[in-house]
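Good morning, everyone. Please bring the structure up on your screens. I'll keep this short.

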Amino acid sequence: MSLASDKMNLLDLDKSGFENLAVEFGAKPFHGRNLLKWIHKHGVIDLEQMTDLPKSFREALAEKTYIAVPEIVFEQPSLDGTTKWVLELEDGQRIETVHIPEGDRSTICVSSQVGCALDCSFCSTAQQGFNRNLTTGEIIGQIWQATRELGRSPTNVVMMGMGEPLANFGPVTAAMKLMTDDLAYMIAKARVTISTSGIVPALRRLKDECDVSLAVSLHAPTNELRDELVPINQKYPLEELIPACKEFVSGERKRKVTWEYVMLDGVNDSIAHAKALIRLLEGVPSKINLIPFNPFPGTRYTTSPRDKVDAFRDRLVRAGIVTITRKTRGDDIDAACGQLVGKVRDKSRRQLRRDQSVAAQGGNAQ
Ligand code: SAH
């Protein structure tokens with residue numbers, strides 16, 4: 001997995017990219033699609049094993065391209081079954097991917113950037129600042145690795161790891177298209193959720209590009225409070241955000257916006273806030289996820305007590321809004337919402353490297 005800057009990383013390609021490359025290298029578009037299947041459906045990255053591709057095509061690929069998968073350098077299991085993987089990128093940067101199993105479901109929480117620029121006041125990723133966008137290969141590479149680790153494609157994906165996905169539009173949408181493609185991971189569009197703090201122009205473009213499920217980090221029912229908690233609100237205030245979300249879920253498929261609302265004691269958790277929230281969301285097909293605040297060192301916030309969360313939830317439910325209190329998963333390993341910053345212990349790096357070389361040889365192919 002050498003750093004080969006003059007060569008193209010095949011993990012960065014979308015479907016038409018694979019088809020075009022095949023033609024450019026003298027093969028047929030379907031050869032490009034077969035290459036996509038080898039890499040993403042079967043997890044094979046050794047060209048020698050791709051025996052249905054013309055030899056000349058494989059030779060050109062070996063000469064002019066390479067395949068770099070983000071490498072799992074740490075694995076940290078949580079008591080509740082959640083696992084956090086720390087992945088190292090070609091330039092040595094590190095990101096985090098979380099696996100959350102629940103019954104038959106296996107959800108992968110995917111990062112879209114190294115760090116984040118949005119500076120939400122209650123999020124620990126914000127504290128590390130923004131480093132860079134992830135490439136398509138680095139985003140889909142998280143699913144590639146998770147699929148190898150799980151032995152099958154995840155059933156659900158949430159773009160809720162580090163970063164603001166809509167601030168990295170091209171690579172995020174390209175990767176989500178691969179997640180949902182039948183030639184690759186075959187995850188239903190409704191089971192891929194993009195979570196955004198509300199970059200309205202990008203949200204307006206998203207539906208045509210990739211019609212996945214939408215979650216929005218709302219966290220406050222008024223501009224005054226949201227300006228403070230989610231500063232991007234100063235640029236795209238609620239009167240722009242709410243109609244754009246409503247528009248996103250409009251159409252034939254009956255869908256709802258999932259509103260994420262972190263419960264901060266004495267800040268946004270009163271009954272008056274709940275009432276304001278009900279007014280704000282009137283006429284918008286909505287589902288609300290109340291998230292217990294996950295504390296981190298240096299934060300000025302504390303979690304709302306259970307009875308306040310329950311009273312808040314009951315008020316919303318009485319108004320007819322589906323509301324659930326999200327279970328905190330993986331908080332013992334800092335894998336919970338807003339805790340992804342790369343604070344981990346080295347567990348079994350050698351074992352992981354061994355597993356990876358088996359996977360790279362196609363040992364885990366489905
Ligand atoms: N930037 C995107 C993706 C992050 S998703 C977004 O804002 O939607 C992670 C979710 O966890 C977001 O709703 C985020 O606001 C929330 N979150 C961040 N820090 C948190 C914390 N300390 N406790 C609980 N939830 C938090």
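I'll go through the sheet, then the aromatic rings, then the charges that sit over rings. One thing before that: this is a predicted model.

Start with the sheet. It is open and has 10 strands. The order runs β3-β4-β5-β6-β9-β10-β11-β12-β13-β14, and the pairing is mixed. Which strands are at the edges? They are β3 (71-77) and β14 (322-325), and each pairs on one side only. From one strand to the next, the twist averages 20°.

A general reminder: strands of a sheet pair through backbone hydrogen bonds, either parallel or antiparallel. Now look at β5, residues 94-102, and β6, residues 105-109. These two pair in the antiparallel sense, over 5 bridges. One position to find there: Pro101 has Ser106 in β6 as its bridge partner.

On to the rings. How many aromatic pairs does the whole structure hold? The search finds 4. One of them is Phe25 with Phe57, arranged edge-to-face. Their centres are 6.4 Å apart, with 65° between the planes. This pair links distant parts of the chain, 32 residues apart. Phe25 is in the loop between α1 (15-24) and α2 (29-41), while Phe57 is in helix α3, residues 55-64.

Are those two rings' residues buried or exposed? Phe25 counts as buried because its relative accessibility is 14%, under the 20% limit. Phe57 is buried too, at 0%.

There is also an aromatic cluster: Phe293, Phe296 and Tyr301.

Last, the charges. The charged end of Arg148 sits over the ring of Trp144, 5.0 Å from its centre. Arg205 places its charged end over the ring of Phe169, 4.1 Å from the centre.

How values were computed. Residues are numbered from 1 along each chain as its sequence is written. This is a predicted model: local features need pLDDT of at least 70, side-chain atom pairs count only at pLDDT 80 or more; totals for chains, interfaces and linings use all residues. Side-chain values use heavy atoms; hydrogens and water are left out. Rings of Phe, Tyr and Trp (its six-membered ring) pair if their centres lie within 6.5 Å; planes under 30 degrees apart count as stacked, over 60 as edge-to-face and the rest as tilted. Helices (H or I, at least four residues) and strands (E, at least two) are DSSP runs, numbered from the N terminus. Buried means under 20% relative accessible area, exposed over 50%, partly exposed in between (1.4 Å probe, protein chains only). A charge sits over a ring if NZ of Lys or CZ of Arg is within 6 Å of the ring centre and within 35 degrees of the ring normal. Two strands pair if DSSP finds at least two bridges between them. Axes are lines fitted to C-alpha atoms, for helices over the stretch in contact, and angles run from 0 to 180 degrees between N-to-C directions.
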